[in-house]
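Let's walk through this structure together, starting with a pair of helices and then stepping back to a whole chain.

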Amino acid sequence: MSPLPSLARPADRLEAMLLIRAYELRLAALAAETGIPGTCSAVGQEAAAVGVVSALTGDDLILTNHRSAGHLLARGADPGRMMAEVMGRRDGYCKGRSGSLHISARELGVVLTSTIVGGELSLATGVALSQTMLGRPGIVACFFGDGAACEGIFHEALNLAAVWKLPILFVCENNQWQAFVHRRETMLAEHISGFAAAYGVGGATVDGNDVEAVRAAALEAVESIRASGRPFLLETATYRMRGHLEPDDQHYVDAGELAAWRARDPIAQLRSRLLAAGGLTDGEADAIDARIAARVAAAEDFALASPWPDPAGLADDVYA
Amino acid sequence: MEQISIERAIGQALAEEMRRDARVLLLGEGVATKRPELVAEFGPARVRNTPLAEAIIAGTAVGAAATGLRPVIDLLFAPFLSYAMDALVNSAGKLRHLSGGQFEFPLVAIAMTGAGWGVGSQHNHNLEAWFAHAPGLKVVMPSTPADFKGLLKSAIRDDNPVLYFVDIGLLQQAGEVPAGESLVPLGRAAIARSGRDLSLVSYAKTVPVCLEAAARLAADGIEAEVIDLRSIKPLDLGTVLDSVRRTGRVVVVHEANRSFGVGAELAALVAEHAFDVLKARPLRLGGPDAPAAASIPLEQAYVPSVGAVCEAARSLLRCD
C-alpha cells in the first residue's frame, strides 16, 4: 500500500480540504465549459471527508459512493489519475471504465465503491466480515448519505453489523439533499444517528462543517470500534452547496438556506480559525493555495494527455 | 457407486469444500439450523444463520468475496433473489469490470425453484435467464445428484459469482455419485442419451422428461439425443452444435416460461451457427407466459410434458 498523506496537523487538513474543493470546482467548470461527463460533487462537505479519513490508519478500509472525491483525495489519491478516470481515460484508477461514479482504488484501501445509493452499505458488512475472519487489523469506514438512510439496505446493514459485531464505522454524511429532493420531504427526523440506538449500537451526530469536531468524534468512534469490535454510526451534519449533478443551476434550492450554509463554509471556518490562533500564517496559507492550484492544473494536464481506452478491451475484466 | 439424494449431494459438496479451504463459509436463512453437522465440524463462524434479509445476505457475500473469503449463500427460493439483485447484478456482476479489474467475486448463491411443492410463483419461478443475461455472472442448473455435487464443488472453486439453482422437483431424487473427489466443470454439457434423429436440449427437471420422451420415441424407431446443459452460462455451445450438426433438428425444453428465455437464446445460436444443416425449424418448449400457480395440477401442467416433447419431436420429423 502507498504511504498515506499525513493529516495529523490542522494545516494538513486545511490543505486536504482545499485540494478537494479546487479539484471538484475545476471538474464542475470543465463539465459546464467542455462537456466532459458531469460529476456528483460534495462541495461543502470537505470537513466530513477529511475529518473522518484523518482518524483512520493505513490498515483501515473505506467504502464510498458516487460522491467519493473527498474520501479518495483525503486518503491520498492522485488527483491526476482521478481526473483521468472522470474523463474516461486509460490512466484513471479504473482504466477509464468507472468514470466519476464508482472509483475504487484498492492500493489506497478504497474498495468496492458503488453508485447505487445504499450499495456501499450492502457490501461493507462483507468487507468487515473478511477483516474479522481473516484476522486483519483494520476496521471498515463506510460513507453514505441521508438518501441512503432511506433505503431498506441501511437498516439491514446496521442490524447485521450489530448482531455479528462487525467493526464498521458507518458515516452518514447528512448533506440535506437526496439527489434533487430535500431531506425534509423524505424523513420526519432531523438526524440519522437516532437509528443507532434502535439497533443497539453507538451513534452520534457531529457538526460536519467543523473538521476538528468531526476528527475528534471519528477518533472516539474508531477507538470504541477497535475496543468493542462493534459498529458505530457517526452522522456528520453538513450541506451540499452545489447541485446533484454538474452542471446544475440549483433553481430549486432555497436561497436563504444556501446562504446560511455558505456562511458556515468548512474551509473558510478552519482557515480563519487557524489564522486567528496563530496555527497558520498568511504566508503559509498563500503557499498552500499556490500548491493546490499547481496540483490541480497538473492533474488536468495529466488527464487530458492520457489516451482513451482501446475499444478492443470492451469485454475485458468481466470474468476472473 | 453410492446412491444418494440431491439434498445429500449438496451437503457433501459443502462439507468437502469447507474442509479443503478455510476461506469457504456458508451464510443464509437457516443454514446453521438445517446443517448442524457443518456447524459441528466447522464452527458457528463459518456456518451462519442470517436475518431474513436477502439484500444484506447477498451484499455481505459480495463484500466478503472481494476481500478474501469464498462465501456460499443459501437464499432459499429463487424469487427471493429479486431482493438480492443489486448486490449480485450491480456489484458482483459489474464492479470487476468497472473497477478496471481490481476485484474478483468468488461466491455461490444457492436458490430453489420449480414445480414440486405447490408453493406458487412467489416461491417457484425459474428465473435463471435473468442472471444469464447479466454480465459477470455464471449460472448452473444441474439435474443429477453427481452433477449437483460436482458442479457445486467447481462453483465454490471458481473465482466468479455463480448462481446455483436447485430444482425442487428433483431434490429428493437419488442417483449415483462417484466416491471421493469428483468435480464437474462449469460450462460443459453432458450427452444424457445419444441419438441420430433429433436433439433435445434441456436442463434441470425437464432432462428426465426428455429422457422419458426419448425412450417412448425409440419405441417408434425415432432416436432422440438428449443434452443436459448443466451450465447455462457459460454455455457449452460446442456440444449443442455438434449434436445438431449430426441430427439436423433441435427442440429446446425447459420449465421456465418460454418468452425471452434460455430456449430463445439457444434457438438463435443454432440458427446463427448451424442454419445450413437444419432440416426443420428449431422449436422451444417451455412454460406459458404466466406466473406458476400453487394448485398441484396447474403447477404440473406448467412444465413441458413427455407427451408434448414427443409431439414436438414428431412434428419436426414430419417436416422431412
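**Two helices that cross**

Helix H5(A) and helix H4(B) cross in a right-handed way, meaning that the near helix is turned clockwise from the far one by less than a right angle. This is a predicted model, in which local features need pLDDT of at least 70, side-chain atom pairs count only at pLDDT 80 or more, and totals for chains, interfaces and linings use all residues. Side-chain values use heavy atoms, without hydrogens and water, residues are numbered from 1 along each chain as its sequence is written, and chains are lettered from A and ligands numbered from 1 in the order in which they are written.

H5 covers residues 119–133 of chain A and H4 residues 54–66 of chain B; they pack at an angle of about 50°, with their axes 6 Å apart. That angle makes H5(A) oblique to H4(B) (under 35 degrees is roughly parallel, over 145 roughly antiparallel, 65 to 115 roughly perpendicular, and the rest oblique). Among the residues in contact (heavy atoms within 4.5 Å) are Leu121(A), Gly126(A) and Leu129(A) from H5(A), and Ile56(B), Gly59(B) and Val62(B) from H4(B).

**Stepping back to chain B**

Which helices and strands does chain B hold, and how many? Chain B has 13 helices and 14 strands (DSSP runs: H or I of at least four residues for helices, E of at least two for strands). The C-alpha atoms of chain B fill a box of roughly 60 × 45 × 40 Å along the principal axes. Of the 320 residues in chain B, 62% are buried (under 20% relative accessible area, with a 1.4 Å probe and protein chains only).

Methods: Axes fitted to C-alpha atoms, helices over the stretch in contact; angles between N-to-C directions. Buried < 20%, exposed > 50% of the residue type's maximum accessible area, 1.4 Å probe, protein only.
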